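Reader: Please take one side-chain contact in this model and look at it closely. Then work outward to the charged pairs, the backbone angles and the chain as a whole.

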Amino acid sequence: MKVNLTPKPINFKLGEYINKGFELLKKDFGNIFVAFLVCFLMSIIPFCGLLAMGNLYKYLQRLSRNQPASPGDIFDFKDFMPYFMLQLIVFGGVLLLYIPLFAVLGISGAISERSEPNPMVGLFMFPYMFLLIAAIYYFVLKGFYIIPLISLKGITEIKEAWNISKIMTKGNLLSIFLFSLVVSILAQIGIVACGIGIFLTLPFLYTANYFAYEDAIQQIEYDEITEIGIKNEL
């Protein structure tokens with residue numbers, strides 16, 4: 001069966017994703033917790049953090065569909081290169097954003113007296129840091145669907161995944177930001193239990209994100225065979 005993607009802005013269902021994330025976590029907490037620990041351990045390996053996350057979403061997909069799934073499946077390096085390239089691009093992008101700041105600090109240090117800091121640095125620093133944070137948030141939110149497009153749909157070209165994600169997030173940046181904020185707060189509730197409980201609540205971050213990813217991909221999937229069948233029925 002041939003399935004193509006038809007990118008379009010997603011109908012983002014914030015509350016539904018949170019509820020389904022809780023339900024899946026409650027239904028199979030033991031296996032999800034073990035998978036989370038495996039993901040955590042794999043993330044220690046250099047350049048494998050995003051790969052571990054992507055593999056965890058694959059695992060959650062199989063688990064939610066009642067398919068055979070093992071936490072050991074997270075140690076799969078099939079998608080290593082796309083994620084490695086993505087991390088290099090992110091690192092290069094962040095470095096590029098910081099170059100003006102380094103340049104200004106260097107020039108200021110060279111021309112100012114040692115005892116008196118240059119006031120121009122402060123005038124530049126605050127608006128620049130605001131723009132820097134805004135730029136980082138923008139790219140993170142616009143690239144919200146890159147990881148599931150790589151792991152769940154097998155897209156290996158980062159540029160293609162970025163372009164599709166840009167379309168999918170159109171008009172949804174605020175909803176995605178609020179969703180990420182709420183999920184992050186809920187996932188860190190375990191901190192109140194002397195920090196240990198965070199390992200019990202952090203898996204929710206992944207289950208909620210999984211349902212956001214899964215629903216979004218279902219919305220852009222175009223099943224050619226099903227479409228032909230519908231037309232024939234008409």
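**A side chain and its surroundings**

Author: A polar atom of the Thr 201 side chain lies 2.5 Å from the backbone oxygen of Ala 187. The model is predicted, and that distance is computed from its atoms. Thr 201 belongs to helix H9, which covers residues 198-201. Setting aside neighbours within four places in sequence, Thr 201 is in contact with Leu 186, Ala 187, Gln 188, Ile 189 and Gly 190. Ala 187, whose backbone oxygen is the partner in the 2.5 Å approach, is thus one of the residues on that contact list.

Charged pairs come next. Side chains of opposite charge can pair when their charged atoms come close. Over the whole structure, a search finds seven salt bridges; three of them are described here, among them the pair formed by Glu 214 and Arg 65, with 2.6 Å from N to O. Glu 214 sits in helix H10 (residues 203-220) and Arg 65 in the loop between H3 and H4, so this salt bridge ties together parts of the chain that are 149 residues apart in sequence. How exposed are the two partners? Glu 214 is buried because its relative accessible area is 8%, under the 20% limit. Arg 65, at 42%, counts as partly exposed.

A second pair is Glu 221 with Lys 153, whose closest N and O atoms are 2.9 Å apart. Glu 221 is in strand E2 (residues 221-223), while Lys 153 is in the loop between helix H6 (146-151) and helix H7 (158-168), so parts that are 68 residues apart in sequence are tied together. Both partners are partly exposed: Glu 221 has a relative accessibility of 34%, and Lys 153 has a relative accessible area of 28%.

The third pair joins Arg 62 and Asp 73, with the closest N and O atoms 3.4 Å apart. Arg 62 is in helix H3 (residues 49-64), and Asp 73 follows 11 residues away in the loop between H3 and helix H4 (80-111). Arg 62 is partly exposed at 23%, and Asp 73 also counts as partly exposed, at 33% relative accessibility.

The loop between H3 and H4 also holds Asn 66. The backbone there deserves a remark. Most residues other than glycine have a negative phi. Asn 66 is not a glycine, yet its phi is positive, at about 60°. Its relative accessible area of 63% is over 50%, so Asn 66 counts as exposed. Phe 47 is another non-glycine residue with a positive phi, near 65°. Phe 47 lies in the loop between helix H2 (29-43) and H3, and with a relative accessible area of 44% it is partly exposed.

Finally, the chain as a whole. The protein chain has 11 helices and two strands, arranged along the sequence as β-α-α-α-α-α-α-α-α-α-α-β-α. Of its 234 residues, 35% count as buried. Among contacts in the protein chain with a separation of 6 or more, 74% are between residues 24 or more positions apart. The chain exposes about 13,500 Å², and carbon and sulfur atoms supply 68% of that area.

Note on methods:
Residues are numbered from 1 along each chain as its sequence is written. This is a predicted model: local features need pLDDT of at least 70, side-chain atom pairs count only at pLDDT 80 or more; totals for chains, interfaces and linings use all residues. Side-chain values use heavy atoms; hydrogens and water are left out. Helices (H or I, at least four residues) and strands (E, at least two) are DSSP runs, numbered from the N terminus. Buried means under 20% relative accessible area, exposed over 50%, partly exposed in between (1.4 Å probe, protein chains only). Contact means heavy atoms within 4.5 Å. Accessible areas come from the Shrake-Rupley method with a 1.4 Å probe; for residues, only the protein chains shown count as cover. A salt bridge is a side-chain nitrogen of Lys or Arg within 4 Å of a carboxyl oxygen of Asp or Glu. A polar contact is a pair of N or O atoms within 3.5 Å; within protein, one must be able to donate a hydrogen and the other to accept it, and residues adjacent in sequence count only if both atoms are side-chain atoms.
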